[in-house]
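Reader: I have a protein model open and would like to learn how to read the charged pairs in it. Could you walk me through them?

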Amino acid sequence: MALVGGGGAGNVAGSNPSGTGTTLNYIGDFVYAHSGIVAVGGVLDQEYTLLDFSTSGSAVIKGRFQFYYGDEDAGEDVLYRIKFNGETICLFVTDSPSVTNPWICKLIIAPETRVTLTAANVVNTNVRDHAATITGRLY
């Protein structure tokens, strides 16, 4: 099976490139990834991976990252992180659901960069639903 994402494993979502997974998908000059719902919590302050991929080629990506806190009744503080090559580039702390108000960060991604998006419940061990997306364009 051909790789859909840049680097990493083959298309972890099966043969459906519009499905969820952890890798970056390329369509022409556009890139995207959808984590799907990830249960975050159970262990206080543990980072749970929402997306994890490496960029390939020589193009720069202008990307828009979005995080979603999906439990409407929840109210714990959750820490979202965007990491490039293991270094935290952007972080958010939220204390409320974001079903209609996602947290957004716009960043430029250099070629050959490992990108990781994580979430951690920093208040208690309740398990809550979270998700992340990235959309962008190659330049």
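Reader: Let's start with Arg137 and Asp29: how do their side chains meet?

Author: Look for a side-chain nitrogen of Lys or Arg within 4 Å of a carboxyl oxygen of Asp or Glu, which is what a salt bridge is. This is a predicted model, and in it the side chains of Arg137 and Asp29 form such a bridge, with 3.9 Å from N to O. The two belong to distant parts of the chain, 108 residues apart: Arg137 lies in strand E10, while Asp29 sits in the loop between strand E1 (25–27) and strand E2 (30–34).

Reader: Are these two residues buried or exposed?

Author: For that, compare the relative accessible area with two cut-offs: buried is under 20%, exposed is over 50%, and partly exposed is in between. Arg137 has 35% relative accessibility, so Arg137 counts as partly exposed. Asp29, at 40%, is partly exposed too.

Reader: Which other residues does Arg137 touch?

Author: Setting aside neighbours within four places in sequence, Arg137 is in contact with Asp29, Phe30, Val31, Val60, Ile61 and Lys62. Take Lys62: 75 residues separate Lys62 from Arg137 in sequence, yet their C-alpha atoms are 5.5 Å apart in space.

Reader: How many salt bridges does the structure hold?

Author: There are 5. One of them joins Arg114 to Asp52, whose closest N and O atoms are 2.5 Å apart. This pair also links distant parts of the chain, with Arg114 in strand E9 (residues 114–121) and Asp52 in strand E4 (residues 48–54), 62 residues apart. Arg114 is partly exposed at 43%, and Asp52 is partly exposed at 24%.

Reader: And what about Glu76? Which residue is its partner in a salt bridge?

Author: Glu76 pairs with Arg128, the closest N and O atoms being 2.8 Å apart. Glu76 is in the loop between strand E5 (61–69) and strand E6 (78–84), and Arg128 is in strand E10, 52 residues away along the chain. Glu76 has a relative accessible area of 8%, so Glu76 is buried.

Reader: Which residues are linked in a network of salt bridges?

Author: Glu47, Arg81 and Lys83 are.

Reader: Now the wider view: how many helices and strands does the protein chain have?

Author: It has 0 helices and 10 strands. Of its 139 residues, 43% count as buried. Among contacts with a separation of 6 or more, 70% come from residues 24 or more positions apart.

Key: Residues numbered from 1 in each chain as written. Predicted model: local features only at pLDDT ≥ 70, side-chain atom pairs only at ≥ 80, totals over all residues. Heavy atoms only, no water. Helix = DSSP H or I, 4+ residues; strand = E, 2+ residues; numbered from the N terminus. Buried < 20%, exposed > 50% of the residue type's maximum accessible area, 1.4 Å probe, protein only. Contact = heavy atoms within 4.5 Å.
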